[in-house]
Amino acid sequence: MSYERSEAPAAQATPRWRHYWKLMRADRPIGTLLLLWPTWWALWLASGGVPPLWTLFVFTAGVWLTRSAGCVINDYADRWLDPHVKRTKDRPLASGAVRGRHALLLFAVLMLMAFALVLTMNLLTVGLSFIGIFLAASYPYLKRYTHLPQVYLGMAFGWGIPMAFAAVQGEVPALAWLLYVGNILWSTAYDTWYAMVDRDDDLKVGSHSTAILFGDLDLVIQGILYALFFAAMSLVGLRAELGAYYFASVGVAVALVVYEFWLCRNRERDPCFKAFLHNNWVGAVLFVGMAVELAVR
């Protein structure tokens, strides 16, 4: 009891803006990076190298804004579940530090800022952005009705890919959709590592995930997902006529994923979370290989 009394004043003294900063996960940039790499893949491929600077700024800032908005609406949807999950019980909405209506207002402001940036692009990009808004807003509610929210996350996280091609080329070619499918596979796989962290808690509260759906076959299915992801990325390289630097980066990314499986071999919480975080390096390595290959052409 003495510990709880001593901690209460410190919690009350926390500046209000920090609760909103935490609600947006601005203190944890990993989600932004996992969203940024596929967007940059698309921008560099669509441009054949470094994209126009304003377009690069719009999509980079848009990634931060939409990811922040996605975290806000996710926590709003889960505000009744998060207090019962060890990893999420101290989130601002779950703890009562931020009210639900204020979270909705923050979500609206972030999405409006992102949309204002998109309005500087062409009409096709603006039109595609409405689908992105729907994906971001509806994703959090799928875990109540389906075991495949991780797949939907990939659809939402990767929507910057067709938008990037639309902004640069004025169309969405087959290469863009191939890259989009590859990203869905990748996002499903790395978010399943994340779901494996919460599997026991999710089972208790009735939430759904691929980790629960896969059950004892989780590592096998993860292997299939990653294999399909690398197959898709190899096809992207072939279709875009990328060469040795890119395919070397694919090889390095494969080695990084093998390490993730070694980490998760016992399905323990902390190693699974580490494997999730580790996917930042997978995305970064593939981007470097792609950027170098396009630069030396």
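Start with the whole protein chain in cartoon view: this predicted model has 15 helices and 0 strands. The radius of gyration is 20 Å, close to the 19 Å that the globule rule gives for 297 residues, so the protein chain is as compact as a globular protein of that length. Turn to the C-alpha trace and align the view with the principal axes; the spans along them are about 65 × 45 × 35 Å.

Next, colour the contacts by sequence separation. Counting pairs at least 6 residues apart in sequence, 74% of the contacts in the protein chain join residues at least 24 apart.

Now switch on the surface. The accessible area of the protein chain is about 13900 Å², and carbon and sulfur atoms account for 67% of that area. Underneath, 53% of the 297 residues count as buried.

Select the charged side chains as two sets. The positive set has 24 members and the negative set has 20. If you place a marker at the centre of each set, the two markers lie 6 Å apart.

Hide the surface and select residues 30-47, which form helix H3. Within helix H3, pick Thr39. Is Thr39 buried or exposed? Its relative accessible area is 3%, and the cut-off for buried is under 20%, so Thr39 is buried.

Keep Thr39 selected and show its contacts, leaving out residues up to four places away in sequence. Which residues does Thr39 touch? Phe59 and Val63 are two of them, and Gly160 and Ala164 complete the list. Display these four residues together with Thr39 to finish the tour.

Technical notes:
Residues numbered from 1 in each chain as written. Predicted model: local features only at pLDDT ≥ 70, side-chain atom pairs only at ≥ 80, totals over all residues. Heavy atoms only, no water. Helix = DSSP H or I, 4+ residues; strand = E, 2+ residues; numbered from the N terminus. Rg over C-alpha atoms; globule rule 2.2 N^0.38 Å. Buried < 20%, exposed > 50% of the residue type's maximum accessible area, 1.4 Å probe, protein only. Contact = heavy atoms within 4.5 Å. Areas by Shrake-Rupley, 256 points an atom, 1.4 Å probe, with all protein chains shown as cover. Lys, Arg positive; Asp, Glu negative; His and termini not counted. Charge placed at Lys NZ, Arg CZ, Asp CG, Glu CD.
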